[in-house]
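The following exercises are to be worked through with the sequence and the coordinates at hand. Each task is followed by a solution in steps.

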Amino acid sequence: MSLPNPRVTFLLVFLAVIFLLGAAFYLEYVKGLEPCPLCITQRVMLLGVGLVSLIAFLHNPATIGRRIYGLLISLWAMGGLYFSGRQLWLQSLPEDQVPACGPGISYMLDAFPIAEVVRTLLTGDGNCAEVTWTWLGLSIPGWAAVGFAGLIAFGAWQAFRKH
């Protein structure tokens, strides 16, 4: 059995990212779950994976390009895994150790210096410790961590596979 075409697999990853971002927007706009700062950062990491996958699909690179794109996907996914892990850590803290909740990102962008907004996006706040949704025992960042781990593996596979 031959391996799937690299170009097709990049397209499948791009489509999976579109689906996942669509699910995130569904939870936000239909179910009313307000994304915390770390959720937004994870969306940015996922968007990075999606953009690299789309560019790789359109470019249809040879071996060196496929390896570069695979490594870039893994790097974006590692960032996402880090931020989902940070959010899981915040969710595991005892209530008395959870950082204070901050204002929404929209308000922060209007009222706070950009450095403070970026710091909050990278470290989270008390809003990130709240578990608002679970499925099969995992919260949203738990599922995000599973997805990012899979994307890291995919990127490494694309980078080092024989064709």
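A charge is taken to sit over a ring if NZ of Lys or CZ of Arg is within 6 Å of the ring centre and within 35 degrees of the ring normal. The model is predicted: local features need pLDDT of at least 70, side-chain atom pairs count only at pLDDT 80 or more, and totals for chains, interfaces and linings use all residues. Residues are numbered from 1 along each chain as its sequence is written, and side-chain values use heavy atoms, with hydrogens and water left out.

**Exercise 1.** Identify the aromatic ring over whose face Arg43 lies, and do likewise for Arg7.

Solution. Begin with Arg43: the ring is that of Phe25, and the distance to the ring centre is 4.9 Å. Turn then to Arg7, which lies over the face of Phe57 at 4.5 Å from the ring centre.

**Exercise 2.** Classify the ring pairs that Phe10 makes with Tyr69 and with Phe154, and state what each pair ties together.

Solution. Step one is the criterion: rings of Phe, Tyr and Trp (its six-membered ring) pair if their centres lie within 6.5 Å, and planes under 30 degrees apart count as stacked, over 60 as edge-to-face and the rest as tilted. Seven aromatic pairs occur in the structure. For Phe10 and Tyr69, the centres are 6.3 Å apart and the planes stand at 75°, so this pair is edge-to-face. Phe10 belongs to helix α1 (residues 6-29) and Tyr69 to helix α3 (residues 63-92); the pair therefore ties together parts that are 59 residues apart in sequence. Helices (H or I, at least four residues) and strands (E, at least two) are DSSP runs, numbered from the N terminus.

Step two concerns Phe154. Its ring centre is 6.1 Å from that of Phe10 and the planes are at 90°, so this pair is also edge-to-face. Because Phe10 is in helix α1 and Phe154 in helix α6 (residues 140-160), parts 144 residues apart in sequence are tied together.

Step three is burial (buried means under 20% relative accessible area, exposed over 50%, partly exposed in between, with a 1.4 Å probe and protein chains only). Phe10 counts as buried at 1% relative accessibility, and Phe154 counts as buried at 13%. Tyr69 is buried as well. Finally, ring pairs link Phe10, Tyr69, Phe154 and Trp157 into a cluster.

**Exercise 3.** Where is Ser139 found, and which side chain does a polar contact join to that of Ser139?

Solution. Ser139 is found in strand β2 (residues 138-139). With 8% relative accessibility, Ser139 counts as buried. Its side chain is joined to that of Gln91 by a polar contact of 2.9 Å. Such a contact is a pair of N or O atoms within 3.5 Å; within protein, one must be able to donate a hydrogen and the other to accept it, and residues adjacent in sequence count only if both atoms are side-chain atoms.

**Exercise 4.** Describe the backbone phi and the setting of Asn60 and of Leu136.

Solution. The background is that most residues other than glycine have a negative phi. Asn60, although not a glycine, has a positive phi of about 50°. Asn60 is located in the loop between α2 (37-59) and α3, and counts as partly exposed at 42% relative accessibility. Leu136 likewise has a positive phi, near 55°. Leu136 is placed in the loop between β1 (134-135) and β2, and is exposed, with a relative accessible area of 66%.
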